[in-house]
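Me: I have a model open and would like to learn how to read it, feature by feature. Could you walk me through it?

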Amino acid sequence: MLNPAVTKYFIGVTMLWIGLAESSVVRGANVRYVQLYGQQYVYLRDVAAYYGMQYAVKDKEIILFSKYSRLVFTVDKKYCTVNGTKVTLLFPAVKYNWRRCISSMDFLKTVDPILRHWALWKHRLARIMLDPGHGGHDKGASGKRFHEKTITLALARKVANLLIRAGYEVSLTRNSDRFIDLRQRADAARQIKADIFISIHANKADNSSVTGSESFCMTPAGANSTYSRQASGKIFPGNRYDVNNTALAYWIQRSLTAAAQNSDRGLKHARFMVLKEAPCPAALIEVGFLSNPGEEKQLGEEAYQWEIARGIAEGIQRYHYQLKRRE
Ligand SMILES: [Zn+2]
């Protein structure tokens, strides 16, 4: 039995909000939700039905699968995998009595934008603003041989080259070693009426064995960022694109780790200034760790930079493909 303090609702409002079920698999699927720990959660069994997927439980893992997709959640963990790519959740998956649940916010803003292209705002994608992190006196992270500002510019130029060849119009927030403050970067995207904004960074950790890439999107209001314990209810300009931000960061992360063949640290959430103020869907990519000697060496190599750039450019094109899908 449900705890009397817990309110249980059946469908209704949730279904309407999800996007009026333009994809045929959704019709007739009831997604029930339940209020737990002050947060609204949905039953994963219902989420599976909603997508026409099978549902299986194996110890702490919950697996949703079909011919096309496989999602793996773990009870009490704040991440899942979507077709093998790691995706951080906004709230941990939970087990309530015998039911396994994820937050409604994760259903609508993390899972649905990746699985269902109809969930996305179908916008034009012609003009891209690339933002090489740091510059000038702001060197960013430093390894033994390279500064982050140098690597990010080299990468952004290569990504631009590939995207221009693919027919996009591309601008860079900086194309030389100069300082620009964070707010100006978002302003630059607004000025050129960019359709998407991609910020490129390299990482640093105290533990020099840490390697791999991760892609950030703006944290939705009411949730905490991946590396923060504080939720913020404040809505920033970048939150207008929550759903598209997730898809953009996911496709970049997926393509980037495939192209670079490095470790997948996943899609994550952060309220970085450039994401908060972004005037369009945006992502911030941490391509790898300058604090790891091996990865630093790779990041300095032309050939590896082209692999990274190819991963980022392909991720953008895969996101674009989702926008163009009409079936
Ligand atoms: Zn940086």
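**Reading the model together**

Reply: Happily! Let's begin with one residue: leaving out residues up to four places away in sequence, S66 touches G52 and M53. Please keep in mind that this is a predicted model.

Me: Where does S66 sit, and is S66 buried or exposed, or in between?

Reply: S66 belongs to the loop between β5 (61-65) and β6 (70-74). Its relative accessibility is 28%, which counts as partly exposed, the class between the 20% and 50% cut-offs. For a sense of distance, the C-alpha atoms of S66 and K149 are 43 Å apart, with their positions 83 residues apart along the chain.

Me: Let's step back to the whole fold. What does the secondary structure of the protein come to?

Reply: Nine helices and 16 strands. The radius of gyration is 20 Å, close to the 20 Å that the globule rule gives for 327 residues, so the protein is as compact as a globular protein of that length. Along the principal axes, its C-alpha trace spans about 60 × 40 × 40 Å.

Me: What percentage of the residues are buried, and what does the surface look like?

Reply: Buried residues account for 55% of the 327. The accessible surface is about 14,500 Å², and carbon and sulfur atoms contribute 51% of that. As for charge, there are 47 positive and 28 negative side chains, and the centres of these two sets lie 4 Å apart.

Me: How much of the contact pattern joins residues at least 24 apart?

Reply: Take the contacts between residues at least 6 apart in sequence: 70% of them join residues at least 24 apart.

Me: Now the metal. Which residues are the protein donors of the zinc ion?

Reply: With a metal, look at which atoms face it and then at where those residues fall in the chain. Here the protein donors are H134 through NE2, E148 through OE and H201 through ND1, at 2.0 to 2.2 Å from the zinc ion. Their spacing along the chain reads H-x13-E-x52-H. H134 lies in the loop between β11 (127-132) and α4 (148-165), while H201 is in strand β13 (residues 196-203), so this pair ties together parts that are 67 residues apart in sequence.

Me: Are those two histidines buried or exposed?

Reply: H134 is buried at 18% relative accessible area, and H201 is buried as well, at 12%.

Me: Which residues is L284 in contact with?

Reply: Neighbours within four places in sequence are left aside, so that the list shows what the fold brings together. For L284, the list is S199, H201, E214, S215, F216, F272, V274 and L275. Notice that H201, a zinc donor, is one of them. L284 itself is in strand β16 (residues 282-289) and is buried at 4% relative accessibility.

Me: And how do I read burial in helices?

Reply: Start with the geometry. An α-helix has 3.6 residues a turn, so residues three or four places apart point the same way. Then count the buried positions. In helix α3 (residues 104-115), 10 of the 12 residues are buried, so the helix is largely enclosed by the rest of the structure. Among them are M105, F107, L108, V111 and I114.

Me: Could you show me a single residue in another helix?

Reply: Try L153, in helix α4. L153 is buried at 9% relative accessibility. Setting aside neighbours within four places in sequence, L153 is in contact with P132, L172, R174, N175, S176 and D177.

Me: Last topic: backbone angles. Which residues should I look at for positive phi?

Reply: First the general idea: most residues other than glycine have a negative phi. Two cases here to look at are Y37, with phi near 50°, and N97, with phi of about 55°. Y37 is in the loop between β2 (33-36) and β3 (39-43), and N97 is in the loop between β9 (94-96) and β10 (99-103).

Me: Are they buried, exposed or partly exposed?

Reply: Y37 is exposed, with a relative accessible area of 65%, whereas N97 is partly exposed at 38%. For one more exposed loop residue, see I235, between β14 (213-218) and α6 (242-260), also with a relative accessible area of 65%. Its C-alpha atom is 5.5 Å from that of A221, 14 residues away along the chain.

How values were computed
Residues are numbered from 1 along each chain as its sequence is written. This is a predicted model: local features need pLDDT of at least 70, side-chain atom pairs count only at pLDDT 80 or more; totals for chains, interfaces and linings use all residues. Side-chain values use heavy atoms; hydrogens and water are left out. Helices (H or I, at least four residues) and strands (E, at least two) are DSSP runs, numbered from the N terminus. The radius of gyration is taken over C-alpha atoms; the globule rule is 2.2 Å times the number of residues to the power 0.38. Buried means under 20% relative accessible area, exposed over 50%, partly exposed in between (1.4 Å probe, protein chains only). Contact means heavy atoms within 4.5 Å. Accessible areas come from the Shrake-Rupley method with a 1.4 Å probe; for residues, only the protein chains shown count as cover. Lys and Arg count as positive and Asp and Glu as negative; His and the chain ends are not counted. The place of a charge is taken as NZ of Lys, CZ of Arg, CG of Asp or CD of Glu. Donors are N, O and S atoms within 2.8 Å of the metal (3.2 Å for Na, K and Ca); water is not among the atoms, so sites may look incomplete.
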